[in-house]
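This report looks at packing in a predicted model. It starts inside the fold and then turns to the N-terminal end.

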Amino acid sequence: MKLNKAGLTGFLFCFVAIIFGVSTNGGLSTIMNYLHLPSFILTMGGTLFAVLMTADSFDDFLYGLKGFIEAFKTKGSDLDTISDEVLEMSEMARREGLLALEEHARTLSHPFLEKGISLIVDGTDVELVRDIMEAELNHKYECDRKRVQFWEDFGSYAPAWGMVGTLIGLINMMRTMGSDASAVGAGMSLALITTLYGSIIANWICIPISRKLAKNCSAECLEMELIIEGTLSIQAGENTRIIKEKLRSILDRDLEEAA
């Protein structure tokens with residue numbers, strides 16, 4: 001699985017943009033004014049715990065959290081390779097029979113395709129092959145959607161918890177400033193840091209991560225759908241040209257939906 005260099009570059013340059021915005025409004029020395037541990041703990045901690053409240057278990061929560069790493073991986077990029085392998089096995093099956101695919105299955109690029117070929121080589125009923133493979137596709141989709149929902153929730157809660165921190169800061173400022181008007185500016189600045197943290201967490205991390213995970217989910221499901229159609233066509237002994245047209249129609253439909 002390849003690293004998504006474009007996604008990682010975008011992530012890093014967002015950080016650079018934040019630093020640039022801070023440093024051009026007072027110099028690099030002002031960066032320390034934006035670092036406030038209690039505000040960060042309140043914003044990040046409150047957001048994480050709110051997401052935890054919606055999780056079914058700690059394992060479910062950790063599974064969603066690991067989506068951060070998955071978002072920087074390129075998925076669904078082997079469609080041409082998969083199509084070529086399906087067509088190659090189709091020709092082999094028509095020439096030598098399904099049993100000839102057993103050795104070749106171990107060299108395939110996608111484990112789901114290997115599983116499908118193994119099923120038809122074992123003589124599994126066509127409907128059962130479809131049911132098994134579609135069940136795995138649906139399970140994969142549901143797991144991926146959980147991760148997407150995790151980061152969507154994370155992104156929606158972060159600004160709200162940033163506002164909670166700001167309100168707490170403003171209340172404390174109003175209670176303690178007394179007659180010293182000079183304390184208002186410093187207190188207001190400190191109170192607004194949590195709002196800044198919430199916005200950064202949502203727009204730099206959570207929303208982009210959720211969008212990328214959603215794209216990965218669609219790409220992987222398309223791969224699996226392509227494999228299911230190809231596997232069942234091989235089992236049915238269809239002509240290679242017909243299989244090629246079937247696979248192309250799936251890819252063309254995806255392009256139309258993306259447009």
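## Ile-117 and the main core

Set aside neighbours within four places in sequence, and Ile-117 is in contact with Met-89, Leu-101, Ala-105, Leu-108, Thr-231 and Ile-234. Ile-117 also ranks among the residues with the most contacts inside the largest nonpolar core. Val-86, Met-89, Leu-101, Leu-113, Met-133 and Ile-234 share that listing. The core has 31 residues.

Six helices each supply at least two residues of this core: H5 (79–96), H6 (101–105), H7 (111–121), H8 (126–176), H9 (182–235) and H10 (240–258). H9 gives the most, with nine residues.

## A second core

A separate core has 18 residues. Among them are Ala-71, Ile-205, Cys-206 and Leu-213.

## Asn-4

Asn-4 sits in the loop between strand E1 (2–3) and helix H1 (5–23). Is Asn-4 buried or exposed? Its relative accessibility is 11%, so Asn-4 counts as buried, the cut-off being under 20%.

Beyond neighbours within four places in sequence, Asn-4 is in contact with Ala-71, Phe-72, Lys-73, Thr-74 and Lys-212. Ala-71 is also one of the residues of the second core. Closer in sequence, a polar atom of the Asn-4 side chain lies 3.3 Å from the backbone nitrogen of Ala-6.

## A nonpolar surface patch

Leu-3, Leu-8 and Leu-12 form a nonpolar patch on the surface. Together they have about 260 Å² of accessible area. Leu-8 belongs to helix H1. Leu-8 counts as partly exposed because its relative accessibility is 31%.

Note on methods. Residues are numbered from 1 along each chain as its sequence is written. This is a predicted model: local features need pLDDT of at least 70, side-chain atom pairs count only at pLDDT 80 or more; totals for chains, interfaces and linings use all residues. Side-chain values use heavy atoms; hydrogens and water are left out. A nonpolar core is a set of buried Ala, Val, Leu, Ile, Met, Phe, Trp, Tyr and Cys residues joined through side-chain atoms within 4.5 Å. Buried means under 20% relative accessible area, exposed over 50%, partly exposed in between (1.4 Å probe, protein chains only). Helices (H or I, at least four residues) and strands (E, at least two) are DSSP runs, numbered from the N terminus. Contact means heavy atoms within 4.5 Å. A polar contact is a pair of N or O atoms within 3.5 Å; within protein, one must be able to donate a hydrogen and the other to accept it, and residues adjacent in sequence count only if both atoms are side-chain atoms. Patches are made of residues with over 30% relative accessible area and no salt bridge: like charges are joined within 9 Å, nonpolar side chains (Val, Leu, Ile, Met, Phe, Trp, Tyr) within 5 Å. Accessible areas come from the Shrake-Rupley method with a 1.4 Å probe; for residues, only the protein chains shown count as cover. A salt bridge is a side-chain nitrogen of Lys or Arg within 4 Å of a carboxyl oxygen of Asp or Glu.
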